[in-house]
Amino acid sequence: MLSEQSAATVRATLPVVGAAIGEITERFYDRLFTARPELLRDLFNRGNQAAGTQRQALAGSIAAFATHLVEHPDERPDVMLNRIAHKHASLGVAPDQYGTVHRHLFAAIVEVLGDAVTPEVAAAWDDVYWLMANALIAIEARLYAEQGVTAGEDTWREWEVVGRVEETEDVAAFRLRPADGAPAPGFRPGQYVSVQVRLDDGARQIRQYSLSGAGHGGLDVRQICVKRVRGGAGTPDGEVSNHLHARVREGDVLRVSAPYGDLVLGETDADVPLLLASAGIGVTPMIAMLEQLAASGHRAPVTVVHADRSPAEHALRADHEAYTAKLPDGSAYFFYERPEQGHPAELTGYADLAALPAVPAGTRAYLCGPLPFMRAIRSQLLARGVAAADIHYEVFGPDLWLARS
């Protein structure tokens, strides 16, 4: 952890750095992409960069890590680090890239803070950076070893599209099988894969998609569901999602990573009540979890909560209902803003746990969906006595939970 001297310096300068961290990360990305334009073309999500969400996520993670170091010097924020490391591993991030990031990030810090960056301040924040970077490098090395791959091009494997199902007007399910005929890697329900596509301008953009099931047409078949991102109000359409919807059909080949992600059912979840809450396309990891729970005969209560605009826009609705029905003590509550005739009034509108019976004592919750939805459900769960440590979440895209806390 930090030395006493570095900790004292970070504690004293954290308000100044924290106030400027947004500008610092903006300068950092400008410098990074000027020096290494291929990183924006082939690694970073161009949509998130244009929207500024990646800058917010980076700023939030740095500030949160530094704050944790000075407030809890004997602990490491492994939950946050694991989440970042899984995302990095799915992208094939290599250890030497942390040196590149360090060079441009610290140049940006000096540009923004000027003379306030004394040698002592620079050394203290250098400690913060390398503590975080080296922890991530170590976790990512373990993740690569577990998958039998190395960072970089070895990340990618060709998978053939063996089926495509139009789940809703804007959600397509793609069923994939390794193109080389070798066995598909195992995965833990809740995990995701990265998909890399070559766009018309030559860019190789990458996006993550949850594995929403296995065995559709064979043990080595995996399924992902892709929601078409429609732009509006100055926001462009999603590059990769629209490419997949418009161009990719059965028989095509995609470059796909091994599965990663830390929102997975725990080994001790078998005998405890569970609550799986999702909204929109956040349903995908929950379907994989439900499939596992149904197959294992999970006997403790499982409460399923899902929010969507309408039944027609509820992707994988049939699977949602079928897997819940197979559970000995499963119950589903679907909230729709525009329900069909006869839908219960108490389940109309945004998800509200007040419409449910009491949440069983000892419940563990798994959440996936837009941030406002997850924040609302988390607050309601805490009010019902669910422990904060038993509430787990997955953010699609940059993790802005910390950035907006």
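The following conversation asks how certain descriptions of this predicted model are reached.

Visitor: What should be known about the model and its numbering?
Guide: This is a predicted model, in which local features need pLDDT of at least 70 and side-chain atom pairs count only at pLDDT 80 or more, while totals for chains, interfaces and linings use all residues. Residues are numbered from 1 along each chain as its sequence is written, and side-chain values use heavy atoms, with hydrogens and water left out.

Visitor: How do you know that the span of helix α11 agrees with its number of residues?
Guide: Helices are DSSP runs of H or I with at least four residues, strands are runs of E with at least two, and both are numbered from the N terminus. The expected span is 1.5 Å times one less than the number of residues, so the 13 residues of α11 (371–383) should span 18 Å, and the end C-alpha atoms are indeed 18 Å apart.

Visitor: What makes the buried residues of α11 line one face of the helix?
Guide: Leu371, Phe373, Met374, Ile377 and Leu381 are buried in α11, where buried means under 20% relative accessible area, exposed over 50% and partly exposed in between, with a 1.4 Å probe and protein chains only. Seen down the axis, these buried residues fall within an arc of 155°, and therefore they line one face; the arc is that of the directions from the helix axis to the C-beta atoms. On the other side of α11, Pro372 and Ala383 are exposed.

Visitor: Why is α1 called roughly perpendicular to α7?
Guide: The axes of α1 (residues 4–35) and α7 (residues 119–147) come within 9 Å and cross at roughly 95°. Angles under 35 degrees count as roughly parallel, over 145 as roughly antiparallel, 65 to 115 as roughly perpendicular and the rest as oblique, which makes α1 roughly perpendicular to α7. These axes are lines fitted to C-alpha atoms, for helices over the stretch in contact (heavy atoms within 4.5 Å), and the angles run from 0 to 180 degrees between N-to-C directions.

Visitor: Why is proline 285 called buried?
Guide: Proline 285, whose place is in helix α9 (residues 283–296), has a relative accessible area of 0%, and is therefore buried.

Visitor: Is leucine 316 buried or exposed?
Guide: Leucine 316, in the loop between β8 and α10 (317–326), has a relative accessible area of 1%, so leucine 316 is buried. Its phi is near 60°, a positive value in a residue other than glycine.
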